[in-house]
Amino acid sequence: MATQVARLAAMHSSRTMSRTMSRTVRAVAAQGTLLASQWPPHQSSVLRPVSTSSALANADDAAAADKRTFEIVRLVQKDKPKVLEFLRKFFYHDEPLNTAIGLRPDVRCPTLEEFSLSTFDEGISVGAVAGDGSLVGVCINATLTREEDEENRRECEEGADDVPEDVKALEDPDAKFAQIKRMLSHATAQGDVFGHGPPGLDRLFDIFILSVDSSWRGKGIATKLLDESREIAQADGHRLIRIVCSSFVSALIASRMGYRCIAKLDYKTVLDRKGQRIFPTEPPHDAVTTYVLDI
């Protein structure tokens, strides 16, 4: 989900695309620097093993679930192909906005893929890895500066009239994704995130994409990924975390973890020039919400 979350996440704007090809995509060393002193050095990228079990209705399923464990890992450069494969399989399929505008997971969208990994090289993303080595969850993170946020606001104002005549006439995947970026850019600009932080805040930690393997949901993976992300943010001296939630699920998780909502944009208000909803999402996904956490 995306949380989506998830900069689903997000930041979710054309500003992030430009960062990919310029200064913001920094060449962080592939091995990375572990930000918590108790975490082991890079070998399998493991930060901390986490065991999980679920009380399922079926006793046999419960017994099987008890054997399933996962580890929270620091994602490094060599993990990028595996992360992209995971996003194609789960995030692109589950993201409510992708589904609503007709982005099919079996049809490649180059700009979506580039956007999704545009902050990966910052070296602050984490993943969940099962005992068999498969990736079962990702949390792609980024650093957002006040300057970048202001640039996004300017671009949002300049592109305010870039509304499609008829959303149903959009066929090209990149054109469809451009509408997602436009809407998310507007939503994040509306949030005025730096105005909700402590005085003098000039950068924040951004939860860009949060997604979990559908067969592993309900086991606390998303919460563990967010917990580890918070620790990374704290170790790096951040004082505010933002997560832009395009789905009801990611918003619920953020709320339960103590994040506070600072902005909400209802999907039903986002229309093309014919008055049609650009994002006719399925319930309960009815809005994109921006949450922040003081740390």
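Asn141 is located in strand E4, which spans residues 135-145. In this predicted model, Asn141 has a relative accessible area of 0% and is therefore classed as buried, the cut-off for burial being under 20%. The side chain of Asn141 forms a polar contact of 3.0 Å with the side chain of Ser229. Ser229 also appears among the residues in contact with Asn141 once neighbours within four places in sequence are set aside. The other contacts of Asn141 counted in this way are Thr119, Ile124, Ser125, Val126, Phe205, Asp206, Ile207 and Phe208.

A second buried strand residue is Thr289, with a relative accessible area of 8%. Thr289 belongs to strand E8, formed by residues 287-294. When residues up to four places away in sequence are not counted, Thr289 touches Ile243, Val244, Cys245, Ala251, Cys261, Ala263 and Lys264.

Leu252, by contrast, is partly exposed, with a relative accessible area of 32%. This residue lies in helix H9, which comprises residues 248-256. Together with Phe248 and Val249, Leu252 makes a nonpolar surface patch of about 240 Å².

For the protein chain as a whole, the secondary structure amounts to 9 helices and 8 strands. Of the 295 residues in the chain, 51% are buried. The accessible surface of the protein chain is about 13,000 Å², and carbon and sulfur atoms account for 50% of this area.

Note on methods: Residues are numbered from 1 along each chain as its sequence is written. This is a predicted model: local features need pLDDT of at least 70, side-chain atom pairs count only at pLDDT 80 or more; totals for chains, interfaces and linings use all residues. Side-chain values use heavy atoms; hydrogens and water are left out. Helices (H or I, at least four residues) and strands (E, at least two) are DSSP runs, numbered from the N terminus. Buried means under 20% relative accessible area, exposed over 50%, partly exposed in between (1.4 Å probe, protein chains only). Contact means heavy atoms within 4.5 Å. Patches are made of residues with over 30% relative accessible area and no salt bridge: like charges are joined within 9 Å, nonpolar side chains (Val, Leu, Ile, Met, Phe, Trp, Tyr) within 5 Å. Accessible areas come from the Shrake-Rupley method with a 1.4 Å probe; for residues, only the protein chains shown count as cover. A salt bridge is a side-chain nitrogen of Lys or Arg within 4 Å of a carboxyl oxygen of Asp or Glu. A polar contact is a pair of N or O atoms within 3.5 Å; within protein, one must be able to donate a hydrogen and the other to accept it, and residues adjacent in sequence count only if both atoms are side-chain atoms.
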